[in-house]
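Open the model in a viewer and keep the selection tool at hand. Each stop below names what to select and then says what is there.

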Amino acid sequence: PISCNNIPTDTAPHYTIAEFPLYNKTAVVDYAPWTAEKDTKQIFTESNGGLYHQILAIDPGEIFVDVGANIGQMTMVGLVSGVTTFAFDPLEYDIMKICSGVNETVKRGHTQTTENLHLFRALVGNESQTNVSITRPDDAFGKFEQASLFANTIGVARKPKSYVKEYVPMITLDEIIPPHLPIGLVKIDVQGFEWPVVQGMKGLLERKAGYPRIVHYEEQRRVTLGAGFKLGAVQAFLEGYNYTCKNLGNDISCKK
């Protein structure tokens, strides 16, 4: 895992305060400058809390797994909830933003500890590899949330002048998540790479107890097909493990 003490400081933070009054929790997220204004506030109630509230409702003895953490919108909620949180993202920029949010959340007194957060700069997939490449738009363009293993799935209205590759290890959830920890929720948002992620968590899904109660993942037609995978394959795979799935638009939530 990465220690945020060793991550460079964000010199241009764009903090957003996320408040969850139903749970009396507050987190600070350091958004990218192309997605949010500085020093804004978001209040999440019963009507718009959605997945955030599901994270906050995880039982204290369970864990939250955030695959494709981006800048940490969900990771920060796991942090302040107090549940053990495993967060994965391959981009150097995203890791910096996550750590910036962690440090600011602590500084403002919204959490007393970060020991429940285990942060990894890695791609999650179906096998272990020491070096895989992630393609993202160039620094001048931004929009790094569109980064992907597959350049043709990067969806931006106008194209950047160039693309940049970052090289990181690929790991599987089965090798990282300790076998004794029950799992409340796994969130997967990886730009079309969802199928390999679930292939690398068969051991978690096969557990007799402590298996993921909720698997929440993104599936966009253009991105999934562009990555070379079949629409509906992840859902069918999870249903084979007796999950019941519900389509929420671009997201699918499967529960057991």
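Start with helix α2, residues 73-81. Nine of its nine residues are buried, so the helix is largely enclosed by the rest of the structure. Since this is a predicted model, every value on the tour is computed from predicted coordinates. To check the burial residue by residue, select Q73, M74, T75, M76, V77, G78, L79, V80 and S81, the buried residues of α2. Step past the end of the helix to G82, which follows α2 and has a positive phi, near 95°.

Next, select strands β1 and β2. The two strands run antiparallel and are joined by six bridges. General background for this view: strands of a sheet pair through backbone hydrogen bonds, either parallel or antiparallel. To find one place where the strands face each other, pick T16, which stands opposite V29 in β2. Then move to the turn of this hairpin, where four residues lie between the strands. There N24 takes a positive phi, near 55°. Five of the six residues of β2 are buried, so this strand too is largely enclosed by the rest of the structure.

Stay on β2 and select D30, which is found in that strand. Is D30 buried or exposed? With a relative accessibility of 0%, D30 counts as buried. What does its side chain reach? One partner is the backbone nitrogen of H14, at 2.8 Å. Another is the side chain of K97, with which the D30 side chain makes a polar contact at 3.0 Å. For the wider surroundings, show the residues that D30 touches, leaving aside those up to four places away in sequence: D10, P13, H14, Y15, I71, K97, S100 and G101.

Now turn to the aromatic rings. The structure holds eight aromatic pairs. Select F20 and F44 to see a stacked pair, with 5.2 Å centre to centre and 15° between the planes. This pair links distant parts of the chain, since F20 is in strand β1 (residues 15-20) and F44 is in the loop between β3 (40-43) and α1 (50-56), 24 residues apart. Both rings belong to buried residues: F20 has a relative accessibility of 1%, and F44 has 10%. Add Y52 to the selection, as ring pairs link F20, F44 and Y52 into a cluster.

A second stacked pair is W34 with Y93, at 5.7 Å centre to centre and 20° between the planes. W34 lies in the loop between β2 (25-30) and β3, while Y93 lies in helix α3 (residues 92-107), so the pair ties together parts that are 59 residues apart in sequence. W34 is partly exposed, at 27% relative accessible area, whereas Y93 is buried, at 18%.

For another kind of ring neighbour, select K256 and Y211. K256 lies over the face of Y211, at 4.4 Å from the ring centre.

The last stop is an open sheet. Select β7, β8 and β9: these three strands are arranged in the order β7-β9-β8, with mixed pairing. β7 (123-124) and β8 (129-137) stand at the edges with a single partner strand each, so one side of each is left without a neighbour in the sheet. β8 and β9 (residues 163-171) pair in the antiparallel sense over seven bridges. To land on one of these, select S133 and its bridge partner in β9, Y167.

Technical notes
Residues numbered from 1 in each chain as written. Predicted model: local features only at pLDDT ≥ 70, side-chain atom pairs only at ≥ 80, totals over all residues. Heavy atoms only, no water. Phe/Tyr/Trp six-rings, centres within 6.5 Å; stacked < 30°, edge-to-face > 60°. Buried < 20%, exposed > 50% of the residue type's maximum accessible area, 1.4 Å probe, protein only. Lys NZ or Arg CZ within 6 Å of the ring centre and 35° of its normal. Pairing = 2+ DSSP bridges. Polar contact = N/O pair within 3.5 Å; in protein donor to acceptor, adjacent residues only side chain to side chain. Contact = heavy atoms within 4.5 Å.
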